[in-house]
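User: Hi, I have a new structure to go through. Can you walk me through it in plain words?

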Amino acid sequence: MLRIGRFGEVTVFRMGRTLLGRVVYPVHCFLVDGLLIDSGCRSAAREFLGAISHRRVTAVANTHHHEDHIGNNAFFASRGVPVYAPEGALPFVADPRRIKMNLCQHLAWGRPAPASARPLPGELRTERFRLRVIPTPGHSPDHVCFFEPDRGWLFSGDLFLGEQQKVLTRDENFSALLASLRRVLALEPEVMFCSLQGVVPEATTALQRKIAYWEEVRDRVCHFKARGWPVRRIVRQVLGPENLPSVLMTMGFFSKAHLVRAICRGACGDAG
Ligand SMILES: [Zn+2]
């Protein structure tokens, strides 16, 4: 599935596999003045590359190394288009077999082909825009966002994902995520371009609400952890029951328990 939309000078590509008529875990990537931000998932390569081959792409920039963000790098690299990725992502871009993927990830997004990439500079320039590279670890250690200060655009990769996010993957770092959300909030972005949600208007308000929600979740989790409650009971009390069909369908890739464990691992010392 591929849908193409526009927000001002930004072209928005929404792609993913459909299951029973619904898109499972859609991915967005964005084309702004020739710069393609993330290259989407390989499972949508035929439609996406068919559509984008009619457009001007002068460079590709990845927000992080996950398979649904670097999926079509090889197509552009093989045509001489420079591909930029965060330093920590380069080994995964060069050899995507290093990316840990379960069956669900294979089916939903597919494994990327190897591609050559170069490290991101501190700022990316197009003919009309300049995008600052903002390190935002947490979702993955190598994660960055791109910020266009004149327009207030924040290309947020997988940092935001939603205001009331109740699940994480196993490897995420909650304290680092919260610090990264605060870092991009300080930029006072006007519009966010999110890899999951697409265009998020009123970005600053959305970020404030997400941070407030997660601070409340963190404080409650730490309160019950201090009482010695087990993770399963904290999950039910603070976030409600697990969405079992989703946990099963993703083979445990996303779960509320991962969020609670990530908070217990490190964030309780930061709780106010
Ligand atoms: Zn990701």
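Analyst: Sure. This is a predicted model. The protein chain has 272 residues and a radius of gyration of 18 Å, which agrees with the value near 19 Å for a compact globule of that length.

User: What size of box do the C-alpha atoms fill?

Analyst: Along the principal axes, the box is roughly 60 × 40 × 35 Å.

User: And how many of the residues count as buried?

Analyst: 43% of the 272 residues do.

User: What about contacts between residues far along the chain? What share is 24 or more positions apart?

Analyst: Take the contacts with a separation of 6 or more. Residues 24 or more positions apart account for 63% of them.

User: New topic. How many helices and strands are there?

Analyst: The protein chain has 9 helices and 13 strands.

User: Start with β1. In which sense does β1 pair with β2?

Analyst: Antiparallel, over 6 bridges. β1 covers residues 2–7, and β2 covers residues 10–19.

User: Which residue in β2 does Ile4 stand opposite?

Analyst: Ile4 faces Phe13 there.

User: What links the two strands?

Analyst: β1 and β2 form a hairpin, with 2 residues between them. Gly8 sits in the turn and has a positive phi of about 60 degrees.

User: Now α9. Which of its residues are buried?

Analyst: Helix α9 runs over residues 256–266. Its buried residues are Lys256, His258, Leu259, Val260, Ala262 and Ile263.

User: What covers the buried residues of α9?

Analyst: The cover includes three helices: α5 (174–185), α6 (203–226) and α7 (231–239).

Notes. Residues numbered from 1 in each chain as written. Predicted model: local features only at pLDDT ≥ 70, side-chain atom pairs only at ≥ 80, totals over all residues. Buried ≥ 20, exposed ≤ 12 C-beta atoms within 10 Å, placed from the backbone. Helix = DSSP H or I, 4+ residues; strand = E, 2+ residues; numbered from the N terminus. Contact = placed C-beta atoms within 7 Å. Pairing = 2+ DSSP bridges. Rg over C-alpha atoms; globule rule 2.2 N^0.38 Å.
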